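The following exercises concern a single protein chain and proceed from a charged residue to the overall architecture. Each task is followed by a worked solution.

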Amino acid sequence: MSANYFRALQGVGIPKEVVGVGGCRKFSAGGGKARKGSKGGGAGDAPKESMLSKEVKSTTVVGATILKSGTDPKLLPDAEYPDWLSYLLDKRPALSELRRKDIEILPCEGLKRFVKLDNRARIKENNSITAKN
């Protein structure tokens with residue numbers, strides 16, 4: 001019976017290693033010595049401390065360099081950055097919030113954002129309808 005089962009699975013394209021010889025399961029011994037770099041439990045599972053000191057972390061932007069030979073840029077005082085940079089962190093209203101507000105009293109920027117987001121939502125809806133048909 002197991003030989004027929006094995007031949008049937010071989011015809012489907014499942015390799016011998018997955019099925020095992022004769023259809024029996026194979027397990028590792030587990031009692032052997034762990035290889036270097038293996039994913040076993042042990043002393044290597046403890047959380048590793050950061051190699052960077054707190055002083056370096058607070059004065060540089062770690063990981064921001066894009067060049068192999070480059071160094072991480074230093075943090076500057078807030079006064080040395082351009083004014084427009086702080087506006088990137090400002091939250092802009094979502095489409096649902098803009099729909100709740102009266103369109104007549106929205107500022108120009110709010111109206112532009114409403115039109116852009118509304119068009120995007122209509123395009124996505126039309127695409128989903130045409131994809132189903």
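**Exercise 1. Locate Arg113 and determine its charge environment.**

Solution. The model is a predicted one.
Step 1: Arg113 belongs to helix α6, which covers residues 108-132.
Step 2: Arg113 is buried and has no salt bridge. The nearest side chain of opposite charge is that of Glu97, at 8.3 Å.
Step 3: The criterion for a salt bridge is a side-chain nitrogen of Lys or Arg within 4 Å of a carboxyl oxygen of Asp or Glu.
Step 4: With neighbours within four places in sequence set aside, the contacts of Arg113 are Arg92, Pro93 and Leu98.

**Exercise 2. Identify the salt bridges in which Asp118 takes part, and describe the network they form.**

Solution. The general principle is that side chains of opposite charge can pair when their charged atoms come close.
Step 1: The search of the whole structure returns 2 salt bridges.
Step 2: Arg99 pairs with Asp118, with the closest N and O atoms 2.9 Å apart. This pair links distant parts of the chain, since Arg99 lies in helix α5 and Asp118 in helix α6, 19 residues apart.
Step 3: Arg122 also forms a salt bridge with Asp118, at 3.7 Å from N to O. These two residues are 4 residues apart in helix α6, and therefore about one helical turn separates them.
Step 4: Arg99, Asp118 and Arg122 are thus joined in a network of salt bridges.
Step 5: Asp118 has a relative accessible area of 19% and is therefore buried, the cut-off being under 20%. Arg122, at 44% relative accessibility, is partly exposed.

**Exercise 3. Characterise the patch of positive charge that includes Arg92.**

Solution.
Step 1: The members of this surface patch are Arg92, Lys116, Arg120 and Lys124.
Step 2: Arg92 is placed in the loop between α4 (84-87) and α5 (95-100).
Step 3: The relative accessible area of Arg92 is 59%, so this residue is exposed; the cut-off for exposure is over 50%.
Step 4: Arg92 is also one of the residues in contact with the buried Arg113.

**Exercise 4. Compare the accessibility of Thr60 and Leu75, and state the surroundings of each.**

Solution.
Step 1: Thr60 is found in the loop between α3 (54-59) and α4, and Leu75 is likewise in the loop between α3 and α4.
Step 2: Thr60 has a relative accessible area of 10% and is therefore buried, whereas Leu75, with 43%, is partly exposed.
Step 3: Beyond neighbours within four places in sequence, Thr60 is in contact with Asp72, Pro73, Lys74 and Leu75.
Step 4: Leu75 contributes to a nonpolar surface patch of about 790 Å². Its other members are Val61, Leu76, Tyr81, Trp84, Leu85, Tyr87 and Leu88.

**Exercise 5. Describe the overall fold, its contacts and its surface in numerical terms.**

Solution.
Step 1: The secondary structure consists of 6 helices and 0 strands, giving the pattern α-α-α-α-α-α along the sequence.
Step 2: Of the 133 residues, 10% are buried.
Step 3: Considering contacts between residues at least 6 apart in sequence, 4% join residues at least 24 apart.
Step 4: The exposed area of the protein is about 12,600 Å², of which carbon and sulfur atoms supply 57%.

Methods. Residues are numbered from 1 along each chain as its sequence is written. This is a predicted model: local features need pLDDT of at least 70, side-chain atom pairs count only at pLDDT 80 or more; totals for chains, interfaces and linings use all residues. Side-chain values use heavy atoms; hydrogens and water are left out. Patches are made of residues with over 30% relative accessible area and no salt bridge: like charges are joined within 9 Å, nonpolar side chains (Val, Leu, Ile, Met, Phe, Trp, Tyr) within 5 Å. Accessible areas come from the Shrake-Rupley method with a 1.4 Å probe; for residues, only the protein chains shown count as cover. Lys and Arg count as positive and Asp and Glu as negative; His and the chain ends are not counted. The place of a charge is taken as NZ of Lys, CZ of Arg, CG of Asp or CD of Glu. Buried means under 20% relative accessible area, exposed over 50%, partly exposed in between (1.4 Å probe, protein chains only). Contact means heavy atoms within 4.5 Å.
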